[in-house]
Each structure stands twice: as structure tokens, then as C-alpha cells.
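Let's take a friendly walk through some side-chain contacts and a metal site. Please keep the sequence and the 3D view at hand as you read.

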Amino acid sequence: MSKYIVCLTFDFDVMSGHIARGRITPTPISRGEFGIIGAQRIVSLLKKYDITSTWFIPGFTIETYPQICKEVVKHGHEIAHHGWTHVPPGSMNRDQEESEIIRANEAIMNLCGQSAQGYRSPAWDLSPNTLELLIKHNFYYESSMMGHDYLPYRVRQNDVINLQKAMQFGNKTSLIEMPISWSQDDHPHFEMRNDLNRSGHRNANSVLENWIDDFIYMTQITNWGIITYTCHPYVIGRGHRMLMLERLITKLKELGASFMRMDAAANIYDNLEPLQTQTKY
Ligand SMILES: [Zn+2]
């Protein structure tokens, strides 16, 4: 196995993100529906290259489209937690957030017979309660934070934040952070958002060049690392972007990448750097 690990992750939101933002007219619904077409193309591409990946699937998608979700499971991909409604935790109170965690866990258990090891918050927006709830519900890793680009780390809890004072960092927990970045997410590069006055629609090859360079830089400055790319089937599933995804896979393979599911990558980090003590930073 290579020292350089790539986690391809797919946030399988279909129309849930649009509904959570109140966009429920036929066009945004159909825009999300295209995710089913994209998902089929992605599953087939990953099969061609014998790659397993991680799919963060809201309970909404699992219960709306059980068949395609079963296909994803059948091909050996990991199913991880992405809320039930795709409402960001930051806009829910603790009870609402916990009931979403439980409800989506039940949907995942029904789908694949296992509970989710990993969690990614909708819109990458954790609430003040999320980390404590993830630990309470026995999650192994979390993937919504940006504190590193190539190395997982242990999630801290109970930081004291006061604008007029230096940060007081809380204790490390056993929860593993598998960090992400908006720059390695297809959505902001490609997807039009009228509400944000964002046109998206970047040239896929320019994004590809950035994504490859992010991998190359990892090989230059680290002895070992993990890089995570995040794609949405309804975004990456369009023709020119699917060609970009295939070029990304072939180029990273050429550069010596090992592709794996995020639970497996988190496990490698856990074995390399076991949590010794609850030390403060
Ligand atoms: Zn999402």
C-alpha cells in the first residue's frame, strides 16, 4: 500500500439540500433528482478502477431511493452519516439534532446492517452540541472540519472562545477528524447558487489541475498522508465532470495513490497514532 491515501467521498444529497433551503418547486427538485443518474455513473466508474469510497447519505435519500443506495452498498462502498433532513446542525437545538442522528442511524442500519462509523454535517456546519452527540452515539470519525489538509487529528471538545482573550483549547477526544476543504469540494466550483449570486460552472480541467497539485504537494511535504475529495452525484455526474473525475483517478494512480474508504483510512491513522492521554494542547 502506498504511503499516500486518497479518500473519494460522495455526499449523496439528491434534493434534500434544496428542500432544506425551501426550494421545493419542480426545477430544484429535478436538479436533485439528477443525483440518481450521477450516482449510477459514479458506481460504474469506481467499479472500472476497482476503487471503494465513502458515501455520506442523508436518511431522506436512503428512504426515497432505497434501490440505488443498495447498489452503492453492494459495490463495497462505505455508508456514512449525513443527517436525516440535510438541515445543518447549527440551525437545530440539541434535541432536534440528537433525534436526527438517531433517525438517520436507523435508516443506515436498515440499509446495510451496520451503524455508521463516520459523520459529516450537512453544509459542513457543526453545532456547539454536535461533537458531544457524536461521542455519545459512538461515532469513530468526523469529517466536517478544516484544521489540516493531509493528516487526520483528534477532535477537541469544550474550547473556551472569547474575542477579548486568547483561545483556551479543550481536551482531545478519541473522535478522529478526517479533515476536508471547500477547495476540494465540487459544489462551490461547479454549482450555480442564485441565492449566493454564484455562477459556478468552472472549467473542470482547471479544478482537476488544482486537485492533482494538492496531492502532489502532499507527497512533497509529508512522509505519509491522506487527502479527501468531496463530490456530489448531482454535481459531478455531468459529462465533462465525469471525465474530470476519471482523469483524476488515473493521474493519482499514476502518482502512486492508494484509494480507500474513509473508515479504513481513519483506522490506519488510529493505529499509527493511538490516543495516549487526554492531554491539552
Ligand atoms: Zn450534503
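## Aromatic pairs and a zinc site

W55 is buried, with a relative accessibility of 0%; buried stands for under 20% relative accessible area, exposed for over 50% and partly exposed for values in between, with a 1.4 Å probe and protein chains only. F10 is buried too, at a relative accessible area of 1%.

A word on the source: this is a predicted model, in which local features need pLDDT of at least 70 and side-chain atom pairs count only at pLDDT 80 or more, while totals for chains, interfaces and linings use all residues. Residues are numbered from 1 along each chain as its sequence is written, and side-chain values use heavy atoms, with hydrogens and water left out.

The structure holds 8 aromatic pairs. Rings of Phe, Tyr and Trp (its six-membered ring) pair if their centres lie within 6.5 Å; planes under 30 degrees apart are stacked, over 60 edge-to-face, and the rest tilted. Two of the pairs are set out here.

| Pair | Centre to centre | Angle between planes | Arrangement |
|---|---|---|---|
| F10 and W55 | 5.0 Å | 35° | tilted |
| F60 and W84 | 6.2 Å | 90° | edge-to-face |

The pair of F10 and W55 links distant parts of the chain: F10 is in strand β1 (residues 4–11) and W55 in strand β2 (residues 54–57), 45 residues apart. Helices (H or I, at least four residues) and strands (E, at least two) are DSSP runs numbered from the N terminus. Ring pairs also join F10, F12 and W55 into a cluster.

F60 belongs to helix α3 (residues 59–64) and W84 to the loop between β3 (78–81) and α5 (94–112), so their pair ties together parts 24 residues apart in sequence. Both F60 and W84 are buried.

W84 has a charged partner as well: the charged end of R103 sits over its ring, 3.6 Å from the centre. For this, NZ of Lys or CZ of Arg must be within 6 Å of the ring centre and within 35 degrees of the ring normal. Over the face of F34 lies R238, at 3.7 Å from the ring centre.

Which residues coordinate the zinc ion? They are D13 (OD, listed twice), H82 (NE2) and H86 (NE2), at 2.1 to 2.5 Å. Along the chain, the donors follow the spacing D-x68-H-x3-H. D13 is in the loop between β1 and α1 (16–20), and H82 in the loop between β3 and α5, 69 residues apart. Both D13 and H82 are buried.

How values were computed: Donors = N, O, S within 2.8 Å, 3.2 Å for Na, K, Ca; no water.
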